[in-house]
Amino acid sequence: MKLSVIIICFNSLGNLRPLLESLQSALEGIDSEIVITDNGSTDGTADFIAAHYPSVNYLRLDKNRGVAYARNRAIERARGQFLWILDDDTVVNARAAHDLLGYLERNADCGIAACALFSANGERQLSYKPFPGPLLKLRNVLGLGSADPYAARLAAGDPFEPVYVIGACQMIRREVISAVGLLDEAIFYGPEDADFCLRARRAGWHVAYLPESGIIHHWQRITTRRPFSKTGRAHIRGLLHFYLRHPWGR
């Protein structure tokens with residue numbers, strides 16, 4: 001099988017419906033499967049998938065066990081040569097699927113590729129990232145923002161390599177999983193995506209961002225909107241774990 005689409009969800013049926021609908025046409029002509037791990041939803045997700053998408057490989061967990069844990073369970077069930085990790089609040093298209101697959105197939109040293117993410121009104125999101133150092137994270141929480149270190153490369157329009165691409169959209173070569181392992185389950189919610197990209201880069205794989213191809217992402221920004229909520233506190237614990245594992249960006 002060529003491609004496994006990896007999705008996790010948690011009480012987000014309103015987002016999951018349009019994503020699954022968009023995947024039906026986006027995956028046309030690709031030998032593919034959809035694998036979903038449900039973090040214990042109580043909003044009717046299981047019944048909806050059984051009724052409308054019986055071919056989906058669906059696993060429902062007993063409770064919300066976090067992003068990394070849920071994605072890992074889906075990755076373990078996936079059969080594809082390439083794994084397309086998507087957040088449940090994305091809406092995809094055929095160009096993105098084919099562009100990402102084509103790029104990875106043409107560039108054997110690239111382990112992780114991502115396309116652009118756009119809001120519903122067409123605004124490009126900063127999903128291509130430098131190292132998420134403490135000062136940068138603090139500025140984000142305070143809403144201060146910072147200069148885009150990749151602005152010149154973005155303007156050129158060619159694929160480029162940031163430190164990491166966010167987990168809302170990552171297409172991963174299976175060999176990367178074999179080389180560096182699964183996502184770090186000690187991180188409940190962020191920055192498991194940065195950790196995985198850094199581990200892949202350390203193992204010699206490149207991480208690519210394709211600015212000319214994109215999908216819609218209804219970015220929820222849970223940890224910046226509610227930094228001291230239960231999820232926000234889990235994010236902070238994940239960051240501390242991440243900094244111990246990657247001191248000074250290594």
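**Entry 1: Tyr209 and the rings around it**

I started at Tyr209, which is buried at a relative accessible area of 0%; buried means under 20% relative accessible area, exposed over 50%, and partly exposed in between (1.4 Å probe, protein chains only). The model is predicted, so I note that local features need pLDDT of at least 70 and side-chain atom pairs count only at pLDDT 80 or more, while totals for chains, interfaces and linings use all residues. Residues are numbered from 1 along each chain as its sequence is written, and side-chain values use heavy atoms, with hydrogens and water left out.

I then looked up ring pairs: rings of Phe, Tyr and Trp (its six-membered ring) pair if their centres lie within 6.5 Å, with planes under 30 degrees apart counted as stacked, over 60 as edge-to-face and the rest as tilted. By this rule I have 9 aromatic pairs. In one of them, Tyr128 and Phe160 have ring centres 5.6 Å apart and planes at 85°, so the pair is edge-to-face. Tyr128 sits in strand S7 (residues 128-129) and Phe160 in the loop between helix H6 (151-156) and strand S8 (164-165), 32 residues apart. Helices (H or I, at least four residues) and strands (E, at least two) are DSSP runs, numbered from the N terminus.

Phe160 is buried, with a relative accessible area of 6%, and Tyr128 is buried at 3%. Tyr128 also pairs with Tyr209: the ring centres are 4.7 Å apart and the planes lie at 50°, so this pair is tilted. Tyr128 is in strand S7 and Tyr209 in strand S10, so the pair ties together parts 81 residues apart in sequence. I noted the cluster that ring pairs make of Tyr128, Tyr150, Phe160 and Tyr209.

**Entry 2: Ile216**

I stayed in strand S10 (residues 206-217), where Ile216 has its place. Ile216 counts as partly exposed, at 32% relative accessibility. Its C-alpha atom is 5.6 Å from that of Ser119, although the two are 97 residues apart along the chain. Contact means heavy atoms within 4.5 Å. Leaving aside neighbours within four places in sequence, I found Ile216 in contact with Asp89, Thr90, Val91, Phe118, Ser119 and Ala120.

**Entry 3: helices H2 and H8**

Which residues of helix H2 (residues 45-52) are buried? I found Thr45, Phe48 and Ile49. They cover an arc of only 95° around the axis (taken from the directions from the helix axis to the C-beta atoms), which puts them on the same side of H2. An α-helix has 3.6 residues a turn, so residues three or four places apart point the same way. The face turned away from the buried side carries the exposed residues Asp47, Ala50 and Ala51. The buried residues of H2 pack against strand S1 (3-9), helix H1 (13-26), strand S2 (32-38) and strand S3 (57-60).

In helix H8 (residues 192-202), 9 of the 11 residues are buried, so H8 is largely enclosed by the rest of the structure. Among them are Phe196, Cys197 and Leu198, and also the charged-type names Glu192, Asp193, Asp195 and Arg199. Just after H8, Gly204 takes a positive phi of about 100°.

**Entry 4: the whole chain**

I counted 10 helices and 10 strands in the chain. Buried residues make up 51% of its 250 residues. Of the contacts with a separation of 6 or more, 77% join residues 24 or more positions apart. The C-alpha atoms fill a box of roughly 45 × 40 × 40 Å, taken along the principal axes.
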